[in-house]
Amino acid sequence: MAATCPALEATNLARGYGDRWAVSGINLRLATGRSLLLAGPNGSGKTTLLRLLATTLQPNEGRLQVLGKNPTDDAMAARRPIALLTHRTQLYNELTALENLEVSARLLGLKPDKQRSTALLERVGLSGRGQHRARTFSAGMRKRLAFARILLQDPQIVLLDEPYGQLDPSGFGFVDKLVEELRRQGKTLVLSTHLLDRAAPTLDSGLILKGGRMAWVGPARDLPAAYAHETHP
Amino acid sequence: MSLLAQSRAVFLKDLLLAARGGSRLSGVLFFATMTLLLFSFATEPDPESMRRHAAGYLWLALLLSSLLSLGESFRAEVEDEALEGLRLLPVDPRALFYGKALSNTLFLVGLSLVLLPLSLGLFGAEVKSSPGLLLAFLLLGTAGLAAPGSLYAAMTSRARGQDLLLPLLLFPLVVPVLIASVKGTGLCFSADPMDQRGALLQVLTVFDLIYWSVCGLLFGKVIEE
Amino acid sequence: MKRAFDKEHIIGVIGLLMLAYGCWKALFVVPAMNHFGEVGRIFFMHVPTAWNALLILTGSFILAIGALFNRKPSWDAALTGSVEVGVLYTALLVVQGSIWARPTFGIWWTWDPRLITAAILLIAFAGVLSARSFANNQGQRLRWTAVATIVAYIDVPIVYFIVKWLPRGIHQPHSFPSTVSTDYHLALRFNAIAMLLLGIWMTFRRARWILQQNAATAMSAAPGAALDAEGRTMVAGVEE
């Protein structure tokens, strides 16, 4: 049964803040190993949708299933295979880069392993920074550290909210490579970005959000053209 | 991973954070000491009444300082949304609570051990019971502050008006802890003619058991979004 | 447009009539109690207020547990309404107690288990209502109100016990009934039921008002799924 379950399945998902719907009527089915490019103007609900898919935000309406499991039944089981990267990097400022990784490792039930952590830091381009506190990091470096934490978790479903944001040009290449690698490993991927031409060629399908509503669905490679049409009709 | 192992991981992380925030630590300590001093200025300088009220002043200083230390312990969690990062991991919310509540208790016990000799000196009281009994009152009393305190500090950590909300919710709740701790500690500073200390310890234990379990169950609901 | 008649008004009217009858009995029919004098008649309000304050807050506790699990806005509204009525009754209780204590014992306030418990109850639940107003959205408001209600309610018996156990109380031991007249019972029971009905009535009114406020400020029903040009439901993603 689990083999036929989509990695992510949302039915009429909706979430509001105060007196407005941030997203509503979201229908989505993403098979294991497939990827989705999420696009939309600022404030169109991309982050809200990703947080809903990550199960950290409770929907007001609709239903979400993660690998066939309902998060409201068993939040921990549904959450285990998911990782989310947001613009808030969720780090402890007073802890060093290595310590931040160790905190996550321990909570994931992994044995603290300094070598593995050091190797991860190297991979995200933070070699030699392991002993520095997160507070001293620039926005781009924080993002890289957040990537290292996702790699540590090694989840089946990776949700990336504007992964290119705040990174330098070498960082762009790093994200491209990482996305390619995650795809090769058969991870399910949802990526939101404004760099449509950069992300579109490597991903499977696309979704454009406008005002919290689904405005366009189709193959990712057609998304940049559709986006221009949707936002400047 | 078991609840215990997860709680331990959260607890260790909080200890590390507390150790790193050295200046904040000493800030709370300074505040607590200042409060004790202010009590001695605000009351009549009558040695007998100061001695009688030493336990009360000690616990009021602890209660007021606990607001700061509880707030601090959750500031690190919301500064960069680290708490959301924890919620993203497959961690039982109860583990988050027990780790937090335990580290907050430990901090308050440490603080009380610093304040104790100070208040003995300032107010001229002396310990007349066994040190173990006094320690039991300090431990159970601070645990009684830390459990509902951690729950409400988490709840208010991202709210408007959090500085106002935390005492508003916490103070009426900890009245039994305050009464039992002040009375019990006071009886450790004097004779215990009616032999009430044992019963007071029981009250504190019951309060702690109830609130450590209820707040653990409710914690998931207050950090949910 | 003619406004619909809300059925809870029936409860309210019955409550008011019963209260009028009970108070008439208490003030004019029952003889003054010998050792308290005329001021002792406040008991006919005081005791029913105490019963109902506890009863209604117990109701809040149950509503809070329910609301935490079913997350229904209507439960949140009923919960908040009942806490508001509970706070009102507790405030009445404290005021009545002071009014009675002053002429009887010559003091407004003292160290007494029921007095202290009532005061703590009042502050704790007023705090619950205040916390509610700081919540960021409807879901959070519901969870905060429910959690704080549960936590505050559990505190009540502990406060009562510890204050009672530490000596020095002036409060009357439970003073009924058996030795007193039928009119006495009648007045007390009528007032008790009347206060309960009035409490339920006010809870309903407040709950209705809160739901209306929610409807005025909150979202309309969520728009359904987005449709494509041919009117089919849009589904994002890849299935295979």
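1. Chain B has a radius of gyration of 18 Å (taken over C-alpha atoms), which agrees with the value near 17 Å for a compact globule of 225 residues; the globule rule is 2.2 Å times the number of residues to the power 0.38. Its C-alpha trace spans about 55 × 35 × 30 Å along the principal axes.

2. A word on the basis: this is a predicted model, where local features need pLDDT of at least 70, side-chain atom pairs count only at pLDDT 80 or more, and totals for chains, interfaces and linings use all residues. Residues are numbered from 1 along each chain as its sequence is written, chains are lettered from A in the order in which they are written, and side-chain values use heavy atoms, leaving out hydrogens and water.

3. Chain B has nine helices and zero strands (DSSP runs, H or I of at least four residues for helices, E of at least two for strands). Of its 225 residues, 58% count as buried, meaning under 20% relative accessible area with a 1.4 Å probe, protein chains only.

4. Now to the partner: chain C and chain B bury about 2800 Å² between them, 76% of it on carbon and sulfur atoms (accessible area, 1.4 Å probe, lost on being put together, summed over both). Phe134(C), Trp144(C) and Val151(C) supply 22% of what chain C buries there, more than any other three residues.

5. Two salt bridges link chain C and chain B (a side-chain nitrogen of Lys or Arg within 4 Å of a carboxyl oxygen of Asp or Glu). Arg71(C) pairs with Glu224(B) in a salt bridge, their closest N and O atoms 2.8 Å apart.

Notes. Buried area is the accessible area (1.4 Å probe) that two parts lose on being put together, summed over both. Buried means under 20% relative accessible area, exposed over 50%, partly exposed in between (1.4 Å probe, protein chains only).
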